[in-house]
Amino acid sequence: MKPFRYERASSPSEAATLLAQTPTGAFLGGGTNLVDLMKLEVMQPDLLIDISPLGFDRVEALPDGGVRIGALVRNSELAAERTIRQRYPVLAQALLAGASGQLRNLATTGGNLLQRTRCLYFQDISKPCNKRVPGSGCSARAGEHRNLAILGASEACIATHPSDMAVALIALDARVNVLGPGGERTIPLSKFYRLPGDQPQYETVLEHGELITSVDLPAIPFATRSHYRKVRDRASYAFALVSLAAALELKDGLISDVRLAFGGVAPAPWRAYKAEQILRGAPASEETFRRAAEAELAAAQPLRDNAFKVPLARNVLVRTLLDLSREEQR
Ligand SMILES: Cc1cc2nc3c(=O)[nH]c(=O)nc-3n(C[C@H](O)[C@H](O)[C@H](O)COP(=O)(O)OP(=O)(O)OC[C@H]3O[C@@H](n4cnc5c(N)ncnc54)[C@H](O)[C@@H]3O)c2cc1C
């Protein structure tokens with residue numbers, strides 16, 4: 001690991017200004033991703049700004065009926081929070097499906113959103129990777145890509161976003177509040193991540209120096225009936241091959257509202273808007289669910305070793321919506 005400077009932030013604006021003035025610095029949340037990547041010399045910040053003294057560690061009710069999650073709320077605390085378990089079970093389930101108990105005790109809401117891809121070539125500095133070294137090439141296309149993207153990828157990069165939590169948050173229309181040297185702004189999570197195109201080194205719309213302070217969830221009454229399903233190579237402590245966050249509302253056998261997002265299939269958590277559009281107003285049947293999944297996955301461009309993700313994603317969507325609709329009709 002390369003030597004680096006360490007500072008404890010004393011206020012959010014000081015942290016944002018300090019980082020903006022240090023082009024190669026980074027905020028330190030729980031450190032469970034950043035420090036690993038520093039050991040691998042994939043990330044080499046020369047200044048770490050520890051944001052843990054800043055507070056941002058509460059889950060609070062918002063006046064409009066939504067919920068604000070502080071950026072430093074730990075994944076384990078968020079999963080255990082009564083409001084989250086009761087009103088947004090999909091989020092509690094997604095959190096508990098991620099990493100291990102010890103990691104969740106450290107991992108923060110902000111850090112989880114910004115964790116980097118698990119693509120082997122991104123993590124191996126001896127191999128070309130356009131995300132790590134722009135213009136160096138992508139080793140994954142011809143190499144190991146079984147767990148990489150089938151949607152939203154580009155010639156330059158097929159890495160997947162690894163977060164489970166972000167998949168639930170994007171399905172729940174979350175908004176990210178940030179503070180930068182230029183002030184505060186709120187970014188819908190659906191506009192927060194960038195697809196790789198020919199610049200895979202840029203993963204989000206954040207400017208250097210912008211600090212995530214909290215994440216807001218709107219009130220979505222039917223999210224009490226929601227579910228996160230994660231398919232992976234082993235039952236725990238593994239990243240998703242395919243996952244799905246789903247919430248479903250039925251009225252008289254018709255789908256009155258729905259939220260769907262896939263994980264493990266794209267460079268960012270993938271909101272399944274096309275599928276949602278087909279489902280709204282349609283009968284809650286296996287045939288409709290299958291048609292919706294197929295519409296969403298029609299744009300898939302699988303590679304040699306990850307074509308299995310297309311039928312897997314379709315089946316996960318159909319199975320999850322069948323389960324939710326049976327629960328709702330009970
Ligand atoms: C063995 C292992 C297995 C795992 N399995 C899973 C899994 O199955 N599913 C899953 O979802 N995750 C998994 N993870 C990843 C884990 O969830 C992340 O490492 C964790 O959520 C990152 O949070 P952190 O607070 O530790 O982030 P850090 O490592 O501190 O930071 C990550 C990035 O975010 C930036 N950052 C942190 N906080 C802020 C902020 N408030 N504002 C702006 N920038 C910020 C940092 O500068 C850094 O670039 C696994 C990790 C490990 C090590």
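## A tour from the ligand outwards

Start at the ligand and select Leu34: a polar backbone atom of this residue sits 2.8 Å from an oxygen atom of the ligand. Keep in mind as you go that you're looking at a predicted model.

Next, pick Thr108. An N or O atom in the Thr108 side chain is 2.6 Å from an oxygen atom of the ligand. Then move over to Gln115, where the partner is a nitrogen atom of the ligand, 3.4 Å from an N or O atom in the side chain.

Now try showing the surface. How much of the ligand does the protein cover? On its own the ligand has 970 Å² of accessible area, and the protein covers 92% of that.

Which elements do the covering? To see the ones that give two or more residues to the shell around the ligand, colour strand E2 (25-28), helix H2 (34-39), helix H7 (109-113) and strand E8 (211-217). The shell residues divide into 17 nonpolar, 13 polar and 5 charged. If you'd like to label just a few of the 35 residues around the ligand, go for the ones that come nearest: Phe27, Gly31, Thr32, Thr108 and Asp164.

Time to zoom out and colour by domain. The domain assignment of the chain gives you domain 1 (5-52) and domain 2 (226-329). Their centres, taken over C-alpha atoms, are separated by 36 Å. Where does the ligand lie relative to domain 1 and domain 2? Both domains give residues to the shell, so the ligand lies between them.

There's another selection to try, this time from a record. An unreviewed UniProt entry places the feature "domain: FAD-binding PCMH-type" at residues 1-222. Select that span and you'll have a stretch that is 24% helix and 17% strand, with its end C-alpha atoms 48 Å apart.

For the last stop, look for salt bridges; the count comes to 24. One to select is the pair Arg280 and Asp257, whose closest N and O atoms are 2.9 Å apart. Follow the chain from each partner: Arg280 lies in the loop between helix H9 (273-279) and helix H10 (286-297), while Asp257 belongs to strand E11 (residues 254-263), so this pair ties together parts that are 23 residues apart in sequence.

Notes. Residues are numbered from 1 along each chain as its sequence is written. This is a predicted model: local features need pLDDT of at least 70, side-chain atom pairs count only at pLDDT 80 or more; totals for chains, interfaces and linings use all residues. Side-chain values use heavy atoms; hydrogens and water are left out. A residue is near a molecule or strand if one of its heavy atoms lies within 4 Å of it. A polar contact is a pair of N or O atoms within 3.5 Å; within protein, one must be able to donate a hydrogen and the other to accept it, and residues adjacent in sequence count only if both atoms are side-chain atoms. Accessible areas come from the Shrake-Rupley method with a 1.4 Å probe; for residues, only the protein chains shown count as cover. Helices (H or I, at least four residues) and strands (E, at least two) are DSSP runs, numbered from the N terminus. Ala, Val, Leu, Ile, Met, Phe, Trp, Tyr, Cys and Pro count as nonpolar, Asp, Glu, Lys and Arg as charged, and the others, Gly among them, as polar. Domain bounds come from an automatic or database domain assignment. UniProt positions are given in the numbering used here, feature names are shortened, and annotations may be inferred rather than shown by experiment. A salt bridge is a side-chain nitrogen of Lys or Arg within 4 Å of a carboxyl oxygen of Asp or Glu.
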